[in-house]
Amino acid sequence: MEKIRIKLQAYDHRVLDKAVSIITDAIKRTGAEVKGPIPLPTKIRRYTVLRSPHINKDSREQFEIKIHRRLIDVMNALPDTVDQLMKLELAPEVDVEVRALS
């Protein structure tokens, strides 16, 4: 393997940063080179909901969800690096996407 790209996303940035530190420590122990974590722009989803669906159209509530994202590139990945990454236990709130690049 030449290069691995790991994309992480979560609603809470503290949980995401903890997962990033666990992943980078595991990669550094295997001897591979780590580039990142690179913070990607935070996606903000905003929703407006009517408080009462039948009357008072001017009375509304607004909600938002923030999705925090990080990117980690692993250079010169070894088979041992992949094994270490598979054994990691991360928080269930963190969504991880792993892609091998050539």
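In the predicted model, the side chains of Asp73 and Arg5 are joined by a polar contact of 2.9 Å. Asp73 is located in strand S3, which covers residues 60-75. With a relative accessible area of 7%, Asp73 falls under the 20% limit and is therefore classed as buried. When neighbours within four places in sequence are set aside, the contacts of Asp73 comprise Lys3, Ile4 and Arg5, together with Glu33, Val34 and Lys35. Arg5 thus appears both in this contact set and as the partner in the side-chain polar contact.

A second buried position is provided by Thr24, whose relative accessible area is 9%. Thr24 belongs to helix H1, formed by residues 13-30. Beyond its neighbours within four places in sequence, Thr24 is in contact with Val34 and Ile72. Val34 is accordingly a contact of Thr24 and also of Asp73.

Leu78 presents another environment. This residue is placed in the loop between S3 and helix H2, the latter spanning 79-87. The relative accessibility of Leu78 is 40%, a value between the 20% and 50% limits, so Leu78 is assigned as partly exposed. Leu78 is separated from Lys35 by 43 residues in sequence, and the C-alpha to C-alpha distance between these two residues is 15 Å. Lys35 is itself among the residues in contact with Asp73.

At the level of the whole chain, two helices and four strands are assigned, and their order along the sequence is β-α-β-β-α-β. The radius of gyration of the chain is 19 Å, whereas the globule rule gives 13 Å for 102 residues; the computed value is well over that reference, so the chain is more spread out than a compact globule. Along the principal axes, the C-alpha atoms fill a box of roughly 65 × 25 × 15 Å.

Of the 102 residues in the chain, 25% are buried; Asp73 and Thr24 are included in the buried class. The accessible surface amounts to about 7400 Å², and carbon and sulfur atoms account for 49% of this area. Considering contacts between residues at least 6 apart in sequence, 76% connect residues at least 24 apart. With regard to charge, the chain carries 19 positive and 15 negative side chains. The centres of these two sets are 6 Å apart.

Technical notes:
Residues numbered from 1 in each chain as written. Predicted model: local features only at pLDDT ≥ 70, side-chain atom pairs only at ≥ 80, totals over all residues. Heavy atoms only, no water. Rg over C-alpha atoms; globule rule 2.2 N^0.38 Å. Buried < 20%, exposed > 50% of the residue type's maximum accessible area, 1.4 Å probe, protein only. Contact = heavy atoms within 4.5 Å. Areas by Shrake-Rupley, 256 points an atom, 1.4 Å probe, with all protein chains shown as cover. Lys, Arg positive; Asp, Glu negative; His and termini not counted. Charge placed at Lys NZ, Arg CZ, Asp CG, Glu CD. Polar contact = N/O pair within 3.5 Å; in protein donor to acceptor, adjacent residues only side chain to side chain.
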